[in-house]
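Visitor: Could you take me through this structure by way of a few questions, beginning with the surroundings of the ligand?

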Amino acid sequence: MTDPKMSSTMSQSESSVLRVAVIGATGYGGLQTVRLIESHPNFKISFLGGERSAGKSWNTLFPFQRIAEDKIIQVPDPNAIADTSDFAILSLPNGVASTLVPDLLKRHVRVVDLSADYRYKSLAQWKEVYRAESLKYRRVDEDLCLNAIYGLPEWNQLEISKANLVAAPGCFPTASLIPLLPFLKQGLIECEGLIIDAKSGTSGGGRNPKENLLLAESSESITPYGVVGHRHTSEIEQMSAIVAGKPIQVQFTPHLVPMVRGLLSTVYSRLRDPGITAEDCRTVLETFYRNHECVDVLPVGIYPATKWARFTNKAILSVQVDNRTSRLILMSTIDNLLKGQAGQAIQSLNLMAGYDQIKGLPLNSFYP
Ligand SMILES: NC(=O)c1ccc[n+]([C@@H]2O[C@H](COP(=O)([O-])OP(=O)(O)OC[C@H]3O[C@@H](n4cnc5c(N)ncnc54)[C@H](OP(=O)(O)O)[C@@H]3O)[C@@H](O)[C@H]2O)c1
């Protein structure tokens, strides 16, 4: 017999309202998620989960972002979530989701996880990359890692719509993969020597206090971090290799910049055919993303600013070619908390529920 909660890959009626739990609701990702669900015509908040905030009322904690039916934040118990919810969005520190996801799936709650717990096909690779977390959380859920769908809707739309577990990509991988993948897919660039130089605002580090994110440390200053071996490197390599059909290595360097939200990624590669122009490359991107309303491709010579994508679920791309060096230069900006996190999770949730993927998502910037 078909389980009613699990069978919702077909279209829901426009009037149905699906119940969504947000776990990690008080963090930066959780706050955006609650805001997006509260204003979505077909989703409603059914459960709010947290740790330190458990026992407190949402509207008391966030009087500037009240919800119509106030809720007490609770320690996330899978039974209580399953009793109240069809879906759960988990916005938790790495490792924590793996303590909930197996029980939620057993109880037929479909999950979008924003952490890295299910982004790798191989649990062994997660344990290697997230070593500290793997010592704390003793995981044996290889099968879930293997079967989870990587939640990049522009590339995995059909798989996401049928999935019970979606692993939303990291913010740097989202911004970097969207411009890069079409060129790997078409074999237009060399697979060796890929370089990604990226910049993120401080909200990328989450809401938990950290010394390097203090105003006195991060303002009026730009600094690289995680140089060589940042955790997102292997995530970018995994998806790049799937699309290219061969192993890919990238040199990825992130930087912390003094702004609250926003992310800019610049990807350098070498063109196989030195005769290809920037206009040709723009056509490649335009063609790939013609039917994807969350991706904009700028005219050649116009370069994206993080402010243009702020508060939207858009990735804004630009491309340039340096014929002198035969290099293709891809530029991409997103709001790290929306297209890089909560907005992209709602895109996947829409697909899982059978709705248009952009339903309820902001696509126009409030500028400046
Ligand atoms: N920030 C970004 O730009 C970004 C982008 C993409 C993906 N991500 C990923 O998304 C996830 C969330 O990131 P964030 O920046 O939103 O984090 P955050 O601001 O630090 O929030 C973490 C949330 O997790 C809750 N929490 C922590 N331990 C818990 C536990 N044991 N049980 C229940 N709740 C617990 C906290 O609740 P209390 O406050 O109640 O303790 C808080 O609501 C992370 O895995 C991150 O890597 C972040």
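Visitor: How do the residues of the shell around the ligand divide into nonpolar, polar and charged?
Guide: In this predicted model, 31 residues surround the ligand, and among the closest are Gly-27, Gly-29 and Arg-207. Sorted by kind, the residues of this shell come to 9 nonpolar, 19 polar and 3 charged.

Visitor: Which element gives the largest share of the shell around the ligand?
Guide: The closest residues to the ligand are Gly-27, Gly-29, Gly-50, Gly-206 and Arg-207. The elements that contribute two or more residues to the shell are helix 1 (28-38) and helix 14 (338-353). The largest share amounts to 3 residues, and the element that supplies them is helix 1.

Visitor: Between which domains does the ligand lie, and why?
Guide: The protein chain is divided into two parts, domain 1 (18-147) and domain 2 (171-336). Because both of them give residues to the shell around the ligand, the ligand lies between domain 1 and domain 2.

Visitor: How many residues of domain 1 are in contact with domain 2?
Guide: The C-alpha centres of domain 1 and domain 2 lie 27 Å apart, and contact between residues is judged by C-beta atoms within 7 Å. On the side of domain 1 that touches domain 2, the residues divide into 5 nonpolar, 2 polar and 1 charged. Across from them stand 7 residues of domain 2, and the number on the side of domain 1 is 8.

Visitor: Which strands stand at the edges of the sheet?
Guide: The open sheet is formed by 6 strands in the order 2-1-3-4-6-5, with parallel pairing. An edge strand has a single partner strand, so one side of it is left without a neighbour in the sheet, and this holds for strand 2 (43-49) and strand 5 (149-150).

Visitor: How many bridges join strand 1 to strand 2?
Guide: The register of this pair can be followed residue by residue, with Leu-18 opposite Phe-43, Ala-21 opposite Phe-47 and Ile-23 opposite Gly-49. The two strands run parallel, and the number of bridges that join them is 6.

Visitor: Is strand 2 largely enclosed or largely open, and how many of its residues are buried?
Guide: Strand 2 stands at an edge of the sheet, with a single partner strand. A residue counts as buried when 20 or more other C-beta atoms lie within 10 Å of its own. Strand 2 is largely enclosed by the rest of the structure, because the buried residues among its 7 number 6.

Visitor: What covers the buried residues of helix 1?
Guide: Helix 1 is largely enclosed by the rest of the structure, because 8 of its 11 residues are buried. Among these buried residues are Tyr-28, Gly-29, Gln-32 and Leu-36. What covers them includes strand 1, strand 2, strand 3 and helix 14.

Visitor: At about what angle does helix 14 run to strand 4?
Guide: Helix 14 lies across strand 1, strand 3 (87-90), strand 4 (110-113) and strand 6 (165-167). Of the strands it crosses, strand 1 is itself largely enclosed, because 5 of its 6 residues are buried. With respect to strand 4, the angle of helix 14 is about 160°.

Visitor: Is Ser-15 buried or exposed?
Guide: Ser-15 lies in the segment before strand 1 (18-23), and its C-alpha is 8.1 Å from that of Pro-41, although the two are 26 residues apart in sequence. Because Ser-15 has 7 C-beta neighbours inside 10 Å, and a residue with 12 or fewer is classed this way, Ser-15 counts as exposed.

How values were computed
Residues numbered from 1 in each chain as written. Predicted model: local features only at pLDDT ≥ 70, side-chain atom pairs only at ≥ 80, totals over all residues. Near = placed C-beta within 6 Å. Helix = DSSP H or I, 4+ residues; strand = E, 2+ residues; numbered from the N terminus. Nonpolar A, V, L, I, M, F, W, Y, C, P; charged D, E, K, R; others polar. Domains from an automatic or database assignment. Pairing = 2+ DSSP bridges. Contact = placed C-beta atoms within 7 Å. Axes fitted to C-alpha atoms, helices over the stretch in contact; angles between N-to-C directions.
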